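Visitor: I would like a close look at a single part of this protein, with its surroundings explained along the way. Could you take me to one strand and walk me outward from there?

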Amino acid sequence: LGRGGGGRAGGGGRAKPVKSSEVVPAGRMVIISNLRCKDVPDMDSKGGEKNISDPYIIAAVVREEKGSQFSGNAERLDETRTPHIENARHPKWEEQLRLFCPDDEVSKASSKTAPVPVMITLMDKNKKKDDMLIGDVLVRLPVGRGKVKMEIPSRSVSSLKPFVYFRYETTAQMFFEQEEYARVAAEQEQQAREHEGSGDEI
């Protein structure tokens, strides 16, 4: 995953290079970090300080059909989420979010540098009823690294206008043969745990 020069364990524990025929470009990996929101509105009709939202974020790579207007119900190709934070007006998450965009979706555009469409959904966690949608926004992430600051159109009656902020990186993603893929995926997961929250704030 994301390592064109990786190797797999061979006899005697020595690594041997992956043959070029075993490495197939598969798409892009999107890494989101330093994720935070500002001015998350209350979703509880009772209001008051004890009814501040318990927000979390769902991030999803979505399929955009050429020539059609984007819909919040668009097919989600990969999806992940943050934990919820209780009573948070300005939540900040330490976790990195990782998403995969298949190569066939990227190649639908006229260029391999086409941005990756990611839906950012802001939710309010509830204990005794269904979680509530605060709002969502589509972000098109260009190739490389960058920062995002966008307003999330809110469904709350509150006058607050929530904003989402984060850093991102999009990189070429590779699939190896099954054994190699599993090993590199495990390495990547371990690295993510070690580096959670290590980046600078936007």
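Guide: Happily! A definition helps at the outset: two strands count as paired if DSSP finds at least two bridges between them. Please keep in mind that this is a predicted model.

With that in hand, look at the open sheet of four strands, whose order is β5-β4-β8-β9 with antiparallel pairing. The edges are taken by β5 and β9; each has a single partner strand, so one side of each has no neighbour in the sheet. On average, neighbouring strands here are turned by 20 degrees against each other, direction ignored.

Our strand is β4. Antiparallel to β4 runs β8 (residues 116-124), joined to it by seven bridges. Two places let you find this pairing on screen: V61 lies opposite V118 of β8, and A59 has I120 of β8 as its bridge partner. Towards β5 (residues 76-81), the pairing is again antiparallel, with five bridges. Here you can pick out I58, whose bridge partner in β5 is R81.

Now turn to the side chains of β4. P55, I57, A59 and V61 point one way, while Y56, I58, A60 and V62 point the other way, and all of them are buried. Because eight of the eight residues of β4 are buried, the strand is largely enclosed by the rest of the structure.

What surrounds it? In soluble globular proteins, nonpolar side chains tend to be buried together. In this model the largest nonpolar core has 26 residues, and those touching the most other members are I32, V118, I120, L141 and F166. At least two residues of this core come from each of β3, β4, β7 (97-102), β8, β9 (132-141) and β11 (163-175). There is also a second, separate core of five residues, among them V62, A74, M119 and L138. V62, you may recall, belongs to the set on β4 that points the other way from A59.

I32 is a good residue to follow next. Setting aside neighbours within four places in sequence, I32 is in contact with A59, E95, Q96, L97, L99, I120, F166 and R167. Notice that A59 and I120 in that list are the bridge partners we met between β4 and β8.

One of those contacts, E95, leads to a helix. R193 is found in α2 (residues 178-194), and although R193 and E95 are 98 residues apart in sequence, their C-alpha atoms are 8.4 Å apart in space. R193 is partly exposed, with a relative accessible area of 48%.

Two backbone details are worth a stop on the way back. N34 lies in strand β3 (residues 24-38) and has a positive phi of about 50 degrees although it is not a glycine. At a relative accessible area of 13%, N34 is buried. D39 sits in the loop between β3 and β4 and also is not a glycine, yet has a positive phi of about 60 degrees. Its relative accessibility is 23%, so D39 counts as partly exposed.

Finally, a word on cysteines, since you work at the bench. C37 is buried at 2% relative accessibility, and C101 is buried with a relative accessible area of 3%. Taking a disulfide as a pair of cysteine sulfur atoms within 2.5 Å, the count for this model is zero.

Definitions and conventions: Residues numbered from 1 in each chain as written. Predicted model: local features only at pLDDT ≥ 70, side-chain atom pairs only at ≥ 80, totals over all residues. Heavy atoms only, no water. Buried < 20%, exposed > 50% of the residue type's maximum accessible area, 1.4 Å probe, protein only. Core = buried A, V, L, I, M, F, W, Y, C linked by side-chain atoms within 4.5 Å. Contact = heavy atoms within 4.5 Å. Axes fitted to C-alpha atoms, helices over the stretch in contact; angles between N-to-C directions.
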